[in-house]
Amino acid sequence: MFYYPILRHSASEMNAYHNLKSATKDSIVPIIESKRISSKNKQTWWTSFKTLGSYFYEKVENREFIYDFRQSYDIIGNPDEELITDDSQNIISYCASRFLEKELNFIPCFHHDSPEWWINSIKDLELKKVAVRIRCNTFDSTLDPFIYKRIEELLETKFNDVEKIISVA
């Protein structure tokens, strides 16, 4: 049984994780919320993420972690609009390439309300594990059946070949 703590991609929280005892790290899979993109660097956001792979290689090492991209939009707003690098990568493919080049054991995360481009970008990574995050505090409980139906449809149509799906609330 694993514990899934939510950590921010900040120096203090990443250092706290890094300094945990190995036995503790063996029993957790952290959900790491993405670094935020500021309004002033929206046009060159990828420069803030260029050392992502080496940073996580140092802090997380070869341990499994879930990376939640959604928080990258906290300051700039709507994740329905893709942010594209000069070489046409969106935030998911760009960050994933940084993780994969360092052979990190990451699991990409989408949400019940993620836009289609987001879900397709995670699907295109063709990884064996994905995480679905359901933030119950963002909707009324009467919407539960609709939310679960949407997730079920996404898993059946987009991720039916994934070996493991992790659902976190």
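Author: A polar contact is a pair of N or O atoms within 3.5 Å; within protein, one must be able to donate a hydrogen and the other to accept it, and residues adjacent in sequence count only if both atoms are side-chain atoms. This is a predicted model, in which local features need pLDDT of at least 70 and side-chain atom pairs count only at pLDDT 80 or more, while totals for chains, interfaces and linings use all residues. Residues are numbered from 1 along each chain as its sequence is written, and side-chain values use heavy atoms, with hydrogens and water left out.

Reader: With which residue does the side chain of R70 make a polar contact?

Author: R70 is found in the loop between β3 and α4 (DSSP runs: helices H or I, at least four residues; strands E, at least two; numbered from the N terminus). Its relative accessible area is 18%, so R70 counts as buried (under 20%, 1.4 Å probe, protein chains only). At 3.3 Å, the side-chain partner of R70 is D113.

Reader: How do helix α1 and helix α3 lie to each other, by their axes?

Author: The axes, lines fitted to C-alpha atoms over the stretch in contact, come within 9 Å for α1 (residues 11-18) and α3 (residues 52-59). They cross at roughly 40°. Angles between N-to-C directions run from 0 to 180 degrees, and those under 35 count as roughly parallel, over 145 as roughly antiparallel, 65 to 115 as roughly perpendicular and the rest as oblique. Therefore α1 lies to α3 in a manner termed oblique.

Reader: Which residues of α3 make the contact with α1?

Author: Contact means heavy atoms within 4.5 Å. From α1, the participants are A11, M14, N15, Y17 and H18. On the side of α3, they are Y55, F56, E58 and K59.

Reader: Which residue caps the N-terminal end of α4?

Author: Helix α4 (residues 91-101) has the buried residues I91, I92, Y94, C95, A96, R98 and F99. These pack against α3, β3 (65-68), β4 (106-111) and α5 (116-124). At the N-terminal end, a side-chain oxygen lies 3.0 Å from the backbone nitrogen of I92; the capping residue is N90.

Reader: Which element gives the largest share of the largest nonpolar core?

Author: A nonpolar core is a set of buried Ala, Val, Leu, Ile, Met, Phe, Trp, Tyr and Cys residues joined through side-chain atoms within 4.5 Å. The largest has 40 residues, and F49, F56, F65, Y67, I91 and F110 have the most contacts inside it. Elements supplying at least two residues each include α1, α3, β5 (129-133) and α6 (144-157). The largest share, six residues, comes from α4.

Key. Buried < 20%, exposed > 50% of the residue type's maximum accessible area, 1.4 Å probe, protein only.
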